[in-house]
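Q: I have a structure open and want to learn how to read its helix packing and its pockets. Where do we begin?

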Amino acid sequence: MKLKSVILTLALFTGLSILVSGQAISFEPKDDLPKYGNDSIECVKNLSLYRGSYKQWKQAGKKGLAINDAIKYWRKVLNDCPTATENLYVDGVNMIEYRIKKAKKASIKEGLIDTLMMLYDMRIHYFPLHYKTGDSQVGQILGRKGVDYYQLDPSKNYLKAYEILGESIKLDKEDAGGPVYIYYFRSVTKMAQKGDTDTTEVVDAYDMISDYVDANILKYQKAGISEDEEDYLNIKGNIENTFQPFANCNDLVRIYKKKYNADSKNVDLLKKITNLLDKKDCIDSQLYFDATVGLYKLEPSPESAYLIGKILLKDGKYNEAIPYLEEASKMENESKAYKALIFLAEDFRALKLYEKSRTIALKAAKLNPNAGKPYSIIGDLYALSAKDCGNDDLTRKVAYWAAVDKYKQAKAIESDLAESMNKSINSYQKYFPATELLFFHNLNEGDSYTVECWINEVTTVRAAK
């Protein structure tokens, strides 16, 4: 990658003064220089002086006059031996960003912003590979450059930031990083608001970015890194909030209906339509149904079977949905396979095939141990079976004990379910056997009890509340 010649007005720092009156500096690639330049002694001396002053400034909490000496010697190193150390660009970004915040004149601030952008370009040119791994770090540097550029003046910089951040995402995909996704999407939505593009671009960007964010959430969830998972959940929320004004189902269908009509045999387009409408819960539209069926005919797969199974389940066509949901449960994406199993368990529940439903729910629980939904379903199955699993006043009530156990297990695993599970618990505790009935059957609260029938669960005796 060649660094273009950049001519700009650079803030020159000597002592306490900032000189911006016409002095121009041209930075061009100096690929033929040794690491420490043509005068290695001078380079090493200036490098030591700049690093010493820079550390002094940082240790003082980025206060004091040491930054003036740091920048003076840093400039010399940047000019004479730009490949001496990558810290030259890392430190330079910190110092120039500090000066930008302190700048009072717009002309000075603009010159410093140009300098900041140039530093990112120089770092890409001279240090395109990570010093430890040897892998490309171009996408990562572009991401930082684009985020900085957007944040410095969103109203002016959003178009260029969109290009920079888009290139970063193109290179790094799901490894681009949360801030890159957030500011890329903000730049796209600002483009739509300013009339520089239309809603289609926003929708396409959302479709791409949300996939990368979801992949990171799943990655950290599986790795048990809750802090990073929480970070990406917050990023997802940020992006969802930004997308909300553009997320109207009618608009989404209108945009993609035109594309579908023009190219209904395009597998990639059908995948995009079904994924997006599925994410935004726009599955009642004819477009969703047509695209789903079309995708399955052109490219039968667990993914397209999943979409058809969902539609059939929603329409109450339970028997027809079973083979599609069974196929969908074989998806390699564990998050989607889990959802398919949940739908299949709900399908069997609707058909009153309770034992099959429990088997599938437990399979879903094994696939996603952090989910409480499978146990909520099992609780419902036990409650629905209560009256049919007994032959007297006591045995027709004991399944409610087992049901409440599952509701408690569900909310213990997934705290977001607490409110709905508490409602179910309160509803079914009323159907527990009365104290007198327990006494009649020689049972005491706290005793162990095995609920028979197909349930076959050990639970605890409790009186009605």
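A: Start with handedness. The crossing of H7 and H8 is left-handed. Keep in mind that this is a predicted model.

Q: Which residues of H7 and H8 make the contact?
A: H7 contributes Tyr181, Tyr184, Phe185, Val188, Thr189 and Ala192. From H8 come Glu201, Val202, Ala205, Tyr206, Met208, Ile209, Tyr212, Val213 and Asn216. Sorted by class, that contact holds 12 nonpolar, two polar and one charged residues.

Q: How do I describe the geometry of a helix pair?
A: In general, two numbers serve for packed helices: the angle between the axes and the distance between them. Here, H7 (residues 178–194) packs on H8 at about 165 degrees, and the axes are 10 Å apart. An angle over 145 counts as roughly antiparallel, so H7 and H8 are roughly antiparallel to each other.

Q: What about H12 and H13: at what angle do they pack?
A: Helix H12 (residues 286–298) meets H13 at an angle of about 140 degrees, with axes 9 Å apart. H12 and H13 are therefore oblique to each other. Their crossing is left-handed. On the H12 side, the contact uses Tyr288, Phe289, Thr292, Val293, Leu295 and Tyr296. On the H13 side, Ser304, Ala305, Leu307, Ile308 and Ile311 take part. The class count for H12 with H13 is nine nonpolar, two polar and no charged residues.

Q: How do the axes of H1 and H3 cross?
A: The axes of helix H1 (residues 40–59) and helix H3 (residues 87–102) come within 12 Å and cross at roughly 50 degrees. That makes H1 oblique to H3. The crossing of H1 and H3 is left-handed. Tyr50, Arg51, Tyr54 and Trp57 of H1 touch a set on H3 that includes Asp91, Met95 and Tyr98. By class, the H1 contact with H3 has six nonpolar, two polar and two charged residues.

Q: Now the pockets. How is empty space found?
A: A probe the size of a water molecule, rolled over the atoms, shows where empty space is left. In this model, the largest pocket holds about 1700 Å³ of space. It is lined by 48 residues, and the closest to its centre are Asp214, Lys236, Ser335, Lys336 and Lys339.

Q: Which helix gives the most to the lining of the largest pocket?
A: H8 does, with nine residues. The elements giving two or more residues to this lining are H8 (199–223), H9 (226–243), H11 (267–279), H13 (302–314) and H15 (334–350).

Q: What classes of residue make up the lining of the largest pocket?
A: The lining has 18 nonpolar, 11 polar and 19 charged residues.

Definitions and conventions
Residues are numbered from 1 along each chain as its sequence is written. This is a predicted model: local features need pLDDT of at least 70, side-chain atom pairs count only at pLDDT 80 or more; totals for chains, interfaces and linings use all residues. Side-chain values use heavy atoms; hydrogens and water are left out. Axes are lines fitted to C-alpha atoms, for helices over the stretch in contact, and angles run from 0 to 180 degrees between N-to-C directions. Helices (H or I, at least four residues) and strands (E, at least two) are DSSP runs, numbered from the N terminus. Angles under 35 degrees count as roughly parallel, over 145 as roughly antiparallel, 65 to 115 as roughly perpendicular and the rest as oblique. A crossing is left-handed if the near helix is turned anticlockwise from the far one by less than a right angle, and right-handed if clockwise. Contact means heavy atoms within 4.5 Å. Ala, Val, Leu, Ile, Met, Phe, Trp, Tyr, Cys and Pro count as nonpolar, Asp, Glu, Lys and Arg as charged, and the others, Gly among them, as polar. On a 1 Å grid over the protein atoms alone, a cavity is a set of points where a 1.4 Å probe fits but cannot get out, and a pocket is an open set with protein on both sides within 12 Å along at least five of seven lines; lining residues have an atom within 4 Å of a point. Grid points are joined across faces, edges and corners, and a volume is the space filled by probe spheres set on the points.
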